[in-house]
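Hi,

Here is the structure I promised to pass on. Have a look at it first, and my notes follow underneath.

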Amino acid sequence: MTPPPNSIGSRNVAVIGAGAAGLVAARELRREGHTVTVFERQKQVGGLWVYTPNVEPDSLNINPDRTIVHSSIYQSLRTNLPRECMGYSDFPFVTRPDDESRDPRRYPDHREVMRYLQDFAKEFDINEMIRFETEVLCVEPAAENSREWRVQFRSSNGVSGEDIFDAVVVCNGHFTEPRLAHIPGKQIHSHNYRVPDPFKDQVVIVIGNQSSGSDISRDIATLAKEVHIAAKSDAYEKESSIYSNLHIHPTIDRVYSDGSVVFQDGKVVFADAIVHCTGYKYCFPFLETNGYVTVEDNRVGPLYKHIFPPALAPGLSFIGLPSMALQFFMFEIQSKWVTSVLSGRVKLPSEDNMMEDVIAFYAKLKSLGIPKRFTHFLTDPQWTPMFEKLKPHEAVLISQSEYFNWIAEQCGCSSIEHWREEQYNIAIKKDEDTFRDDWDDDDQLIQEAYRDFAKFKPTKVCCST
Ligand code: FAD
């Protein structure tokens, strides 16, 4: 496809990854007139949403030479956000009543998200830009002081090669490399969890009660003798209403080799297995930047607005680093900014000014007591217990809507819609067992969403309820 005639400056751009971030980055880049090559090591689009029953041989992913399984999706997974707010802004994630094989639920299963991403790729002819089964091995400046980038790759048939690009957009995902709590005994990380069967009749400790911890503990409770969640914050005071064998505790104090686990409140449980739902680490094994970009305690930096390393901008950029935020919308708006900066339509500040901004940002996080590992944490601070004590002017730092508004202003695009933001705010507060099927508090927002959707695909959009 040739670039549109009104393009300001067309660049030759590599995108690494064809998950939800890489797909929309590729679309936005081509819309702006850039030439795009997407490298994807899997056989298909979808990234994390490509479910596989296979797990890695090493249940805690400690061996660096292990075979990597990309996905962390478990069989029973349904989205943790309602579908209306989860989709891209101009390609609504609506139900498909014309196709009986599709999941019409408001919080659909993982297959439906995968189908949505496939639909998106088809609609915008993205597959033709993708080199499937091609793993990027190295990304580095093409030469000293060069503004170009060398991308070395190897395809599944063993063919290796390299190409030179004006820019590289990194969209490799960050839910594959586990973060672990260090304790002895029989353990797995949620990355390697698929089904509850191995835990039948066992006493299981689940560490962590964010989305995966909350889901997986309930999944295991269907077959296990007992499940004990070790939770940070005051969440441990709430007990499940449905599963009488599911117990919530404060965090773990000690674990002994006989399997006994002592919680902070002194209670002791003899466990058969421990499941770590402790999150993931950022990892860019292919990136050679001479130390300009590092990962320290899960801070990827220095990065201007979580995207551009000042010394290497705009040639190198990262889409999708902030966690907790509304992911697909964020990928889209970040991509619009990167795209317009690459074409020269939008200017970045000088390297020094970007660096000053980054240093000031880190200093503010420190002064507010926000640990380094939460650098890329963006959400609605009001609804997140960890941050609810922040004053409004402090909360701006980690507010996703402030971030989206700022980017929208930079590149002259629309920011987050009122209904989308409100749906997200309502959804992230929910932690009851039944929140995915039992909701009646945002009908008005659903109607607002569908009024907006009618602008895009009038023939395919239908009522959600
Ligand atoms: P990925 O989907 O991980 O895609 C990265 C791609 O890069 C992959 O296809 C991979 O093969 C490729 N790649 C990596 N390295 C290389 C390389 N060297 N060479 C070539 N290709 C490479 N978000 C929501 O909005 N709603 C939800 O309900 C939700 N549920 C989630 C549940 C779980 C268990 C997890 C872990 C996350 C969930 N998320 C959810 C967040 C989710 O990660 C994002 O929605 C999104 O799918 C991530 O997209 P991505 O493109 O950044 O990464």
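One term before the rest: strands here are DSSP runs of E with at least two residues, and they are numbered from the N terminus, as are the helices, which are H or I runs of at least four residues. With that in hand, Pro314 can be placed in the loop between β19 and β20. Please keep in mind throughout that this is a predicted model.

Staying with that loop, Pro314 is joined to Ala313 by a cis peptide bond, with omega about -5 degrees. Pro302 lies in the loop between β19 (299–301) and β20 (316–318) too, and the peptide bond leading into Pro302 from Gly301 is cis as well, with omega near -5 degrees. His306 is also found between β19 and β20. Although His306 is not a glycine, its phi is positive, at about 65 degrees. Is His306 buried or exposed? Its relative accessibility is 6%, and the cut-off for buried is under 20%, so His306 counts as buried.

Another positive phi turns up at Asn290, again a residue other than glycine, with a value near 60 degrees. Asn290 sits in the loop between β17 (280–281) and β18 (294–296). Exposed means over 50%, so Asn290, at 78% relative accessibility, counts as exposed.

Now the pocket I looked at, which is the second largest one. The volume of this pocket is about 500 Å³. Its lining comes to 23 residues, and those nearest the centre are Pro141, Asn145, Ser146, Arg147 and Leu312. Two elements, β4 (134–141) and α5 (327–343), each give two or more residues to that lining. By type, the lining of the second largest pocket splits into eight charged, six polar and nine nonpolar residues.

As for the chain overall, I get ten helices and 20 strands. The radius of gyration is 22 Å, close to the 23 Å that the globule rule gives for 465 residues, so the chain is as compact as a globular protein of that length. Along the principal axes, the C-alpha atoms fill a box of roughly 65 × 50 × 50 Å. Of the 465 residues, 56% are buried. If you take contacts between residues at least 6 apart in sequence, 63% of them join residues at least 24 apart. The accessible surface is about 21200 Å², and carbon and sulfur atoms account for 49% of that.

Cheers

How values were computed:
Residues are numbered from 1 along each chain as its sequence is written. This is a predicted model: local features need pLDDT of at least 70, side-chain atom pairs count only at pLDDT 80 or more; totals for chains, interfaces and linings use all residues. Side-chain values use heavy atoms; hydrogens and water are left out. On a 1 Å grid over the protein atoms alone, a cavity is a set of points where a 1.4 Å probe fits but cannot get out, and a pocket is an open set with protein on both sides within 12 Å along at least five of seven lines; lining residues have an atom within 4 Å of a point. Grid points are joined across faces, edges and corners, and a volume is the space filled by probe spheres set on the points. Ala, Val, Leu, Ile, Met, Phe, Trp, Tyr, Cys and Pro count as nonpolar, Asp, Glu, Lys and Arg as charged, and the others, Gly among them, as polar. The radius of gyration is taken over C-alpha atoms; the globule rule is 2.2 Å times the number of residues to the power 0.38. Buried means under 20% relative accessible area, exposed over 50%, partly exposed in between (1.4 Å probe, protein chains only). Contact means heavy atoms within 4.5 Å. Accessible areas come from the Shrake-Rupley method with a 1.4 Å probe; for residues, only the protein chains shown count as cover.
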